[in-house]
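Here are some exercises to work through with the model open beside you. Try each task before reading its solution.

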Amino acid sequence: MKGWNEFEIGSVLFPLNEDGMKAQEKMPQERSYTENSSRSASVAHWRVQKPVHNVEHCINCFFCWVYCPDASILAKDEKMSGVDYVHCKGCGVCVSVCPTNPKSLLMFDEVEEEKDALKKWPQKETK
Amino acid sequence: MASKYELSKIEVWDGNMAASHALRQAQIDVVAAYPITPSTPIVQNYGKFLSDGYIDGEFVMVESEHAAMSACVGAAAAGGRVATATSSQGFALMIEVMYQASGMRVPIVLNLVNRALAAPLNVNGDHSDMYLSRDCGWINLCTYNPQEAYDFNLMAFRISEDMRVRIPTIVNQDGFICSHTAQNVQPLSDDEAYAFVGEYKTKNALLDFSKPATYGAQTEEDWHFEHKAQLHHDLMNSVGVIEEVFEEFAKLTGRKYSLVESYDMSDAEVAIVALGTTVESARVAAKSAREKGIRAGVVSIRSLRPFPYKQVAEALQNCKAVAMLDRSLPAGAMGMLFNEVGVALLQNAQNKAILSNYIYGLGGRDMTQEALLNIYHELNENAKAGKLTHETQQFVGLRGKKMAFN
Ligand code: SF4
Ligand code: SF4
């Protein structure tokens with residue numbers, strides 16, 4: 001274990017193992033991150049409920065992507081593709097902004113299996 | 001390019017103007033400020049210098065002192081030379097960010113023009129804000145007159161930005177008695193001053209995109225202690241750099257400063273320990289006391305933090321009686337100088353001097369020559385008796401029934 005005299009002053013952390021200018025030209029997943037980067041370290045251990053995504057109802061409006069405070073909504077080929085559970089804190093903001101009926105994102109217990117969650121999905125609500 | 005300011009060999013400046021010129025000469029990148037009495041003219045003059053073309057840097061007007069210090073932290077982390085000024089309530093509002101600045105080790109220079117803290121509301125000088133700054137992890141330098149306010153501002157950048165230090169630094173001066181009292185000040189020319197302060201060197205600058213850095217990381221019981229202890233270690237060790245800078249400044253100007261200043265101490269039997277403008281008043285009083293046959297001296301400190309523990313004891317080691325004068329409400333304890341200087345003496349000095357504590361000058365109440373002479377008389381009585389002839393803590397010039405403790 002490190003001692004007080006082995007840390008960079010100012011508790012400054014360096015997220016990259018490589019030159020930042022070069023890293024900018026690469027896709028995020030191709031950059032070399034240090035263990036001090038929040039990309040490498042999970043910051044989701046205090047989550048008690050998780051959002052589950054249901055593609056059946058999703059209209060790819062990306063409201064959830066815009067509002068997620070932890071940039072934990074994953075997107076691929078212009079489609080919402082799920083949640084990054086290594087960084088999601090379980091705040092539920094994505095669920096509250098999802099405009100579909102029924103919602104395409106819902107909070108479930110952390111231990112709930114995704115396939116079981118999908119089976120419990122509610123029907124369209126009548127107004 | 002900023003225009004050069006033509007200065008005379010001797011200028012008539014108050015402490016605020018002296019500080020403003022030193023800030024101008026240091027060619028600061030960012031000053032973020034929210035003016036407050038009595039420090040207002042520092043940033044007001046600075047703003048005028050900027051409008052008149054004497055400064056190239058940015059002046060950021062913010063909505064509060066909390067925002068001022070926050071902007072300073074951001075600018076310093078980004079990689080610029082940064083300074084600001086404040087007093088009293090403004091400083092109290094900054095205090096949260098003061099700890100951020102020292103924890104992040106960003107070298108900022110803060111002019112703290114000392115003023116009382118409300119309530120009751122008061123704009124005059126005492127050392128309440130200086131005492132509030134004691135534990136916030138900054139280097140804390142003390143000046144007694146406008147010349148020193150100028151000199152210490154230039155030296156503060158050198159100390160704070162030194163790669164062996166990188167700790168933000170406060171320069172204290174007394175509200176009004178120093179900040180608004182014009183005296184002769186011998187400035188350096190713009191070129192000489194800038195050559196002394198030197199080009200700003202960055203360390204882990206946020207704007208260095210080749211090495212991205214994260215400031216403001218969170219640590220809990222796992223690592224918090226180590227980071228705080230590291231700051232303490234480097235603060236304690238900054239003594240060496242402070243003394244180096246004092247030396248170099250003396251070579252340039254002939255004005256020699258020490259961590260502990262001794263006045264007439266070589267044969268002194270009794271001494272007053274004080275801070276701020278009271279140091280000069282006490283020197284005058286010591287002279288009069290000597291005319292009355294009391295071997296009186298004055299000891300004062302230049303750096304409240306790092307505290308010159310051994311040096312202050314050394315300066316007082318041959319005294320029989322010592323009075324610590326605190327210009328801040330101790331609020332349920334003995335005064336800070338009494339506690340800190342007293343323990344330094346207890347640990348380091350051979351003789352056991354008789355110690356006393358005087359609380360004085362709150363909210364700008366005058367400290368008169370008569371009151372200072374009276375303290376020397378009481379010290380002399382204590383020295384002769386070999387024990388305290390009154391209670392340890394007394395209150396100078398307090399109206400009403402006599403108050404004293406311990
Ligand atoms: S629960 Fe909160 S953190 Fe997790 S994906 Fe939704 S908005 Fe983001
Ligand atoms: S807010 Fe709902 S509908 Fe819109 S992309 Fe996200 S999950 Fe899909």
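**Exercise 1. Check the length of helix 6 of chain B (residues 146–161) against what its residue count predicts.**

Solution. This is a predicted model, so we are checking a prediction against simple helix geometry.
- Step 1: count the residues, and you get 16.
- Step 2: at 1.5 Å a residue, helix 6 should span 22 Å. The expected span is 1.5 Å times one less than the number of residues.
- Step 3: compare with the model, where the end C-alpha atoms are 23 Å apart, which agrees.

**Exercise 2. Describe the course, the surroundings and the start of helix 6 of chain B: where does it bend, how many of its residues are buried, and which side-chain oxygen reaches a backbone nitrogen at its start?**

Solution.
- Step 1: follow the axis to B:Met155, where the helix bends by about 25°.
- Step 2: go through the residues for burial; 16 of 16 are buried, so helix 6 is mostly covered.
- Step 3: look at the start, where a side-chain oxygen of B:Asn145 comes to within 3.2 Å of the backbone nitrogen of B:Gln147.

**Exercise 3. Give helix 3 of chain B (residues 65–78) the length check, then work out what surrounds it.**

Solution.
- Step 1: with 14 residues at 1.5 Å each, the helix should span 20 Å. Its end C-alpha atoms are 20 Å apart, which agrees.
- Step 2: check burial, and 10 of the 14 residues turn out to be buried. Among them are B:Met69, B:Cys72 and B:Val73, along with several alanines such as B:Ala67 and B:Ala68.
- Step 3: see what the buried residues pack against: strand 2 (30–33), strand 4 (82–86), helix 4 and strand 5 (108–114) of chain B.
- Step 4: inspect the two ends. At the start, a side-chain oxygen of B:Ser64 reaches to within 3.3 Å of the backbone nitrogen of B:His66. After the helix comes B:Gly79, with a positive phi near 120°.

**Exercise 4. Is B:Ser300 buried or exposed, and what does its side chain make a polar contact with?**

Solution.
- Step 1: find B:Ser300 in strand 11 (residues 296–301) of chain B.
- Step 2: its relative accessibility is 1%, and the cut-off for buried is under 20%, so B:Ser300 counts as buried.
- Step 3: look for its polar partner; the side chain of B:Tyr144 is at 2.8 Å.
- Step 4: list its contacts beyond four places in sequence. They include B:Leu259, B:Val260, B:Glu261 and B:Arg283.

**Exercise 5. Find where B:Ala19 and B:Ser179 lie, and say what each one touches.**

Solution.
- Step 1: B:Ala19 lies in helix 1 (residues 15–25) of chain B, while B:Ser179 sits in the loop between strand 7 (169–174) and strand 8 (183–185).
- Step 2: check accessibility. B:Ala19 is buried at 0% relative accessible area, and B:Ser179 is buried at 0% too.
- Step 3: leaving aside residues up to four places away in sequence, B:Ala19 touches B:Ile42, B:Asn111, B:Asn153 and B:Gln173. With the same kind of neighbours left aside, the contacts of B:Ser179 include B:Asp14, B:Pro38 and B:Gln173.
- Step 4: for a sense of distance, the C-alpha atoms of B:Ala19 and B:Ala274 are separated by 22 Å, with their positions 255 residues apart along the chain.

**Exercise 6. Now move to chain A: is A:Val93 buried, partly exposed or exposed?**

Solution.
- Step 1: locate A:Val93 in helix 3 (residues 93–97) of chain A.
- Step 2: its relative accessible area is 28%; partly exposed runs between 20% and 50%, so A:Val93 is partly exposed.
- Step 3: beyond four places in sequence, A:Val93 touches A:Tyr67 and A:Pro69.

**Exercise 7. Describe how chain B meets chain A: how many residues are in contact, and how much area is buried?**

Solution.
- Step 1: 20 residues of chain B are in contact with 19 residues of chain A.
- Step 2: the buried area is about 1,800 Å², with 67% from carbon and sulfur atoms.
- Step 3: count 1 salt bridge between the chains. A:Glu8 forms a salt bridge with B:Lys203, their closest N and O atoms being 3.7 Å apart.
- Step 4: count the residue pairs in polar contact, both at pLDDT 80 or more, and you find 5.
- Step 5: on the chain B side, helix 4 (88–104) and helix 8 (224–253) are the elements that give two or more residues. Helix 8 gives the most, with 5 residues.

Notes: Residues numbered from 1 in each chain as written. Chains lettered and ligands numbered in written order. Predicted model: local features only at pLDDT ≥ 70, side-chain atom pairs only at ≥ 80, totals over all residues. Heavy atoms only, no water. Helix = DSSP H or I, 4+ residues; strand = E, 2+ residues; numbered from the N terminus. Bend = angle between axes of the 7 residues up to and from the residue. Buried < 20%, exposed > 50% of the residue type's maximum accessible area, 1.4 Å probe, protein only. Polar contact = N/O pair within 3.5 Å; in protein donor to acceptor, adjacent residues only side chain to side chain. Contact = heavy atoms within 4.5 Å. Buried area = accessible area lost by both parts, 1.4 Å probe. Salt bridge = Lys/Arg side-chain N within 4 Å of Asp/Glu carboxyl O.
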